[in-house]
Amino acid sequence: MIWNEEFECMPLDELKKVQSNYLEKLVDYVYANNEVYRARLDQVGIKPGSITDISQIVKLPFTTKMDMRDYYPYGLFSAKREDIREIHVSSGTTGNPTLVGYTKEDIQLWSTVMARTLCCAGAEPGDIIQIAYGYGLFTGGLGFHYGALEAGLTILPMSSGQTKRQLKIMQDFKPRILGCTPSYALYMADEARELGIDPRDSSWEIGIFGAEPWSDSMRNEIEDTWDIMATDVYGLSEIIGPGVSQECTYKDGLHIFSDVFYPEIIDPDTGEQVAEGEDGELVITTLTKQGIPLLRYRTRDIVSMTNEKCRCGRTSPRVSKIKGRTDDMIVVRGINVFPSQIEHVLLGIEGTCPHYQIVIDRAAHKLDQVEIMVEVDQQLFSDEIKKLNEMSARIKKEIEGVLSIGVKVKLVEPKTIERSMGKSQRVIDKRNL
Ligand code: DLL
């Protein structure tokens, strides 16, 4: 059995008891083993034994990405450095990277939650999985690897890149499951067509895509292209890597493994919990980790959450697809813009490809300019110029309608925008803010 039916289908009041029990132990553990947390808990008057119920979690201080950077590299570890068996690093663009460490027990926990993730997506023991997430310091490749091993799958440890080889291996070994970023799944389809392979003939039946934002429209595109069921997997290095939450085959929200990762949704400005179903920032407490357990970690990812039981039978709360990030939100002329809003518009317009880039610039003493580069079908470029102009005007009008700011639209030929084998870069902000 590779899922945990007991915890995943447990009535919520029983689950609360499990969580309360873990939280009490966690507070004692970090208080005893980490100076930073001890000082912070002292500041708010919390001692070992003070927290006995999960509802008291709101008394605990938040942990932020800035803390991860400030106490880099080992300052937030609760386990001894020499008891850390593996280190991973989160991709970041500025300052110190975010470093996380796993004890042997943490690796076992990761294996278990990733096995549960694979099972939630519909994997069965004996299935072949092609892991095309990057291996190495990034958590994607190895996280999937540990989970697949635990779940009894047959692993093709490809890592990302070498697309021709990925396709050949797929054709020869016939894996049923593919794990990679959603943008890489689309990139591989372009390459397949160029090699004369019809993507719909692929052996993949289930895709487990994540590590970057993608919309439901992009899901439809991937499902049509590959004739595959595309599920969403979410996670972050600070919490464990992939394996925090995963869609089941109903694709109706991501089941969060809340017996070990306690979720809260807060208003990012006030820090208060929001009502069920409302959008807010996902905050997670790692209830059972040893290496670098985190109290109330602010993910900066915006989601909503429901406690309603799922049609699959799981009772574990479900979070929505990531709707944006509190920090990736671009503020242009005072208006909040999320790349996902633009993606949604583009995917609704026939003839556009889901490849786009948003370039923001600010000339001296001028207003911010937003230019959206959009790839369109080759066919359009061979049509009359009038058609191109019409398309560009339509995209501009629809995006402006959604964002309420003026934008420039530049249509470009397929393959103009740089492709990524890992996380794609959707926004280029040239302003020196
Ligand atoms: O991306 C872990 C991962 C690997 C998840 C493979 C899924 C699959 P980080 O590099 O630390 O870890 O980046 C974490 O990526 O806070 C989100 O903003 C974003 N992210 C991850 N999964 C999704 C998703 C891995 N399914 C950051 N949808 C997170 C949207 C996602 N954004």
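**Close-up views of the sheet, the ligand site and the salt bridges**

**View 1. Strands β11 and β12 run antiparallel and are joined by four bridges.** Strand β11 covers residues 280-286, and strand β12 covers residues 297-303. The model shown here and in the other views is a predicted one. At one position of the pairing, Val283 stands opposite Arg298 of β12. Strands of a sheet pair through backbone hydrogen bonds, in either a parallel or an antiparallel way.

**View 2. The two strands belong to an open sheet of four strands in the order β10-β11-β12-β15.** Pairing within this sheet is antiparallel. The edges are formed by β10 (261-266) and β15 (324-325), each of which pairs on one side only.

**View 3. The ligand is surrounded by 23 residues.** The closest are Asp232, Val233, Ser237, Asp301 and Lys423. By class, the residues of the shell divide into nine nonpolar, eight polar and six charged. Three elements, α6 (139-151), β7 (229-236) and β8 (241-247), each supply at least two residues of the shell. Strand β7 gives the most, with five residues.

**View 4. Polar side-chain atoms of Asp232, Ser237 and Arg325 lie close to N or O atoms of the ligand.** For Asp232, the partner is a nitrogen atom of the ligand, at 2.7 Å. Ser237 places a polar side-chain atom 2.6 Å from an oxygen atom of the ligand. Arg325 likewise has a polar side-chain atom facing a ligand oxygen atom, at a distance of 3.0 Å. On its own the ligand has 610 Å² of accessible area, and the protein covers 94% of it.

**View 5. Arg116 and Glu8 form a salt bridge between their side chains.** The N to O distance is 2.6 Å. This pair links distant parts of the chain, with Arg116 in helix α5 (residues 104-120) and Glu8 in helix α1 (residues 5-8), 108 residues apart. Arg116 counts as buried because its relative accessibility of 3% is under the 20% limit. Glu8 is buried as well, with a relative accessible area of 1%. The count for the model comes to 27 salt bridges.

**View 6. Arg219 and Asp216 meet in a salt bridge within helix α9.** The side chains are 3.0 Å apart, N to O. The two residues are separated by about one helical turn, because they are three residues apart in helix α9 (residues 216-226). Arg219 is buried, at 6% relative accessible area, whereas Asp216 is partly exposed, at 44%.

**View 7. Glu223 forms a salt bridge with Lys251.** The closest N and O atoms of this pair are 2.7 Å apart. Glu223 lies in helix α9 and Lys251 in the loop between β8 and β9 (254-256), so the contact links distant parts of the chain, 28 residues apart. With a relative accessible area of 16%, Glu223 is buried. Lys251 is partly exposed, with a value of 26%.

**View 8. Salt bridges that share partners join four residues into one network.** The members are Glu8, Arg116, Asp259 and Arg314. Glu8 and Arg116 are the pair of View 5, with 2.6 Å between N and O.

Notes. Residues numbered from 1 in each chain as written. Predicted model: local features only at pLDDT ≥ 70, side-chain atom pairs only at ≥ 80, totals over all residues. Heavy atoms only, no water. Near = heavy atom within 4 Å. Polar contact = N/O pair within 3.5 Å; in protein donor to acceptor, adjacent residues only side chain to side chain. Areas by Shrake-Rupley, 256 points an atom, 1.4 Å probe, with all protein chains shown as cover. Nonpolar A, V, L, I, M, F, W, Y, C, P; charged D, E, K, R; others polar. Buried < 20%, exposed > 50% of the residue type's maximum accessible area, 1.4 Å probe, protein only. Pairing = 2+ DSSP bridges.
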